[in-house]
Amino acid sequence: MSSSTTTIVAVAITTVFLLLTTSSAGPASRPFKKIYAFGDSYTDTRKHCFRGIALFTLLASLPQPQSDTKSGVNYAVAGSTAIPYGFFVKNNLTLDIQPQTLQTQLAWFSKTLEGQKCKNIKSTPNECKAVFKDALIWVGEIGANDYAYTVGSSALLNKGAKYVVVEGLPTTGCLTLSMALASESDRDDMGCVGSLNKQSYDHNTVLLTKIQELRRKYPQTVIVYADYWNAYRSVIKNAPRLGFKEPYKVCCGSAGSPYNFDVLATCGSQSSTSCQDPGQYINWDGVHLTEAMNKVVYESFIKGGFTHPPFGMC
């Protein structure tokens, strides 16, 4: 299975960074001059064909680890997992699994810091403060590729990070891929795959507990939790009012009803076609969202109270 079909959609929190770094008040008022991003395919935006989606412009413009780092670095790798690659090798689960993991990304980040003479906040406080004083750390949604629990942020916080956004998992049972493969009897009040949504919810409960522990341990750092699960649920519950006529069916796919999705002939295959109005769809290809959905998620985070603490109170 390719990384495009194993990667579960991540939140469009990219738009938060776009908002924070393109304030109409001008460059002098921008709170962040650098972004260091970690995650999977929705953070590694260069891997997408969504070139027209402005919401991903900022992360797509960030350099890769080998490039100039003055504006930050996007360390994310499409298909990346939270569990170390050795686990998949040991259990004979290496079919097209991306060998670069979150641990790999953090190692790359450490090398970047070494180049700026930042070892940790205790031994090199001035150097680390210079790195993080105007930097935003984004620990993007990761773990859906392998359904694992890890936060990775402790490794960042020990370096002196001041502003961190940590995403929860989305309602993975509402993705077209999940709905097409699961039994129709396994549905919840959203009309999605109930067992998968419960797994994501339980995952996020543990994740939030860990975040609360980190907040107590690192009181000098602002750690924002992005509650994508409930943001997605709100969209599903209010889909008609928000202009979505197709909450489950994909815009780009094949096979027709009920989901226009065939796992063996996904978007981009010779038999696939694209819908005329993507704005009426939530799902783009079964594992990624449409621009219209990303915009609604953006508004949910900025105005809808689905970040904790809310932006503007950080």
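**Salt bridges and a nonpolar surface patch**

Arg 233 turns out to be partly exposed, at 23% relative accessible area. The model examined here is a predicted one, and Arg 233 is a handy place to start reading it. Asp 189 is likewise classed as partly exposed, with a relative accessible area of 47%. Arg 233 and Asp 189 pair up in a salt bridge, with 2.8 Å between the closest N and O atoms. Arg 233 sits in helix H10 (residues 228–237), while Asp 189 belongs to the loop between helix H8 (176–181) and helix H9 (194–217), so this contact ties together parts of the sequence that are 44 residues apart.

That pair is part of a bigger tally, as the structure holds five salt bridges. Another of them brings together the side chains of Asp 134 and Lys 34, at 2.6 Å from N to O. Here distant parts of the chain are linked, the two residues being 100 residues apart. Lys 34 comes from strand S1 (residues 34–38), and Asp 134 from the loop between helix H6 (125–132) and strand S3 (135–139). Both ends of this bridge are tucked away from the surface: Lys 34 has a relative accessible area of 8%, and Asp 134 has one of 14%. Each counts as buried because the cut-off for that label is under 20%.

A more local arrangement shows up in helix H11 (residues 291–303), which carries both Lys 295 and Glu 299. These two are four residues apart, or about one turn of the helix, and their side chains form a salt bridge with an N to O distance of 2.7 Å. Neither residue is buried: Lys 295 is partly exposed at 44% relative accessible area, and Glu 299 is partly exposed too, at 29%. Back at Arg 233, the pairing with Asp 189 does not stand alone, since Lys 237 joins these two residues in one network through salt bridges that share partners.

Charged pairs are not the whole story. On the surface, Leu 181, Val 263 and Leu 264 make up a nonpolar patch, together offering about 340 Å² of accessible area. One member of the patch, Leu 264, lies in the loop between strand S7 (252–253) and strand S8 (273–274). Leu 264 has a relative accessible area of 79%; the label "exposed" applies because the threshold is over 50%.

Key: Residues are numbered from 1 along each chain as its sequence is written. This is a predicted model: local features need pLDDT of at least 70, side-chain atom pairs count only at pLDDT 80 or more; totals for chains, interfaces and linings use all residues. Side-chain values use heavy atoms; hydrogens and water are left out. A salt bridge is a side-chain nitrogen of Lys or Arg within 4 Å of a carboxyl oxygen of Asp or Glu. Buried means under 20% relative accessible area, exposed over 50%, partly exposed in between (1.4 Å probe, protein chains only). Patches are made of residues with over 30% relative accessible area and no salt bridge: like charges are joined within 9 Å, nonpolar side chains (Val, Leu, Ile, Met, Phe, Trp, Tyr) within 5 Å. Accessible areas come from the Shrake-Rupley method with a 1.4 Å probe; for residues, only the protein chains shown count as cover.
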